[in-house]
Amino acid sequence: MLLSVIAAINLRYYFVVYTPTLVYGNPTAEVATVLGRHLVEREKPCVVYFHAPPVMYWDLGNLRFLLRVYGHEIQGVDVYPPGEGQPPLPDLQRATCFVFLPERLGELENIHSQYPDGEETRVYSKADGRLLYVMYRVSPP
């Protein structure tokens, strides 16, 4: 009987408390999971300019895995912080998504001014409500 109670408590914790957080070991895993699903469900096809290094990189395993599993060849480019290399020039012949982690939000204003007709989406954690990322989508002319 005691073993059944302990098993029930553990199962409840794992499936009701822990799993919905989408963290699975570190906070970047939640960002990658939510972003991957967002891109697959809403943003195909697009080129993603990922303003996340050095916190996170486009080739993070679970992000690339999600995109590959769903058969989407969404291209992504890491955009390094100012002063750490030349930023890539966006190819606006396709839909373009600029993704900013909270640590890099200061750079969003520059993208707003260069591409004023974009659409901004803020995505928050379902687990604790914190900002995961901001996506700024620019459609081709």
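**Exercise 1. Find how many residues helix 2 has, and how its reach compares with the span expected for a helix.**

Solution. In this predicted model, begin by counting along helix 2, which runs over residues 27–42 and has 16 residues. The expected span is 1.5 Å times one less than the number of residues, which for helix 2 gives 22 Å. Finally, set this beside the reach from the first C-alpha of helix 2 to its last, which is 23 Å and therefore close to the expected value.

**Exercise 2. Decide whether helix 2 is mostly covered or mostly open, and name what covers its buried residues.**

Solution. A residue is taken as buried when its relative accessible area is under 20%. By this cut-off 12 of the 16 residues of helix 2 are buried, and the helix is mostly covered. Among them are Thr-28, Glu-30, Leu-35, His-38 and Leu-39. The cover over the buried residues of helix 2 includes strand 1, helix 3, strand 3, strand 4 (119–124) and strand 5.

**Exercise 3. Describe the largest nonpolar core, and say which element gives the most to it.**

Solution. The largest nonpolar core has 23 residues, of which Leu-35, Leu-39, Val-48, Phe-50, Trp-58 and Tyr-133 touch the most other members. At least two residues of this core come from each of helix 2, strand 1 (47–51), helix 3 (61–69), strand 3 (96–100) and strand 5 (131–138). Helix 2 gives the most, with 6 residues. For a single member, take Leu-35: leaving aside residues up to four places away in sequence, Leu-35 touches Phe-50, Leu-63, Val-99, Tyr-133 and Met-135. A second core, separate from this one, has 12 residues, including Val-47, Tyr-49, Phe-98 and Tyr-136.

**Exercise 4. Explain why Leu-67 counts as buried, and find the separation of its C-alpha atom from that of Leu-39.**

Solution. First locate Leu-67, which lies in helix 3. Leu-67 counts as buried because its relative accessibility is 1%, and the cut-off is under 20%. Although Leu-67 and Leu-39 are 28 residues apart along the chain, their C-alpha atoms are separated by 8.0 Å.

**Exercise 5. Identify which residues a cis peptide bond joins, and which residues form a nonpolar patch on the surface.**

Solution. Most peptide bonds are trans. The bond that joins Pro-53 and Pro-54, however, is cis, with omega about 5 degrees, and Pro-54 has its place in the loop between strand 1 and helix 3. Turning to the surface, the nonpolar patch is formed by Leu-11, Tyr-13, Tyr-14, Phe-15, Val-16 and Val-17, which together have about 610 Å² of accessible area. Of these, Leu-11 lies in helix 1, residues 2–18.

Note on methods: Residues numbered from 1 in each chain as written. Predicted model: local features only at pLDDT ≥ 70, side-chain atom pairs only at ≥ 80, totals over all residues. Heavy atoms only, no water. Patch = residues over 30% accessible without salt bridge, like charges linked within 9 Å, V, L, I, M, F, W, Y side chains within 5 Å. Areas by Shrake-Rupley, 256 points an atom, 1.4 Å probe, with all protein chains shown as cover. Salt bridge = Lys/Arg side-chain N within 4 Å of Asp/Glu carboxyl O. Helix = DSSP H or I, 4+ residues; strand = E, 2+ residues; numbered from the N terminus. Core = buried A, V, L, I, M, F, W, Y, C linked by side-chain atoms within 4.5 Å. Buried < 20%, exposed > 50% of the residue type's maximum accessible area, 1.4 Å probe, protein only. Contact = heavy atoms within 4.5 Å.
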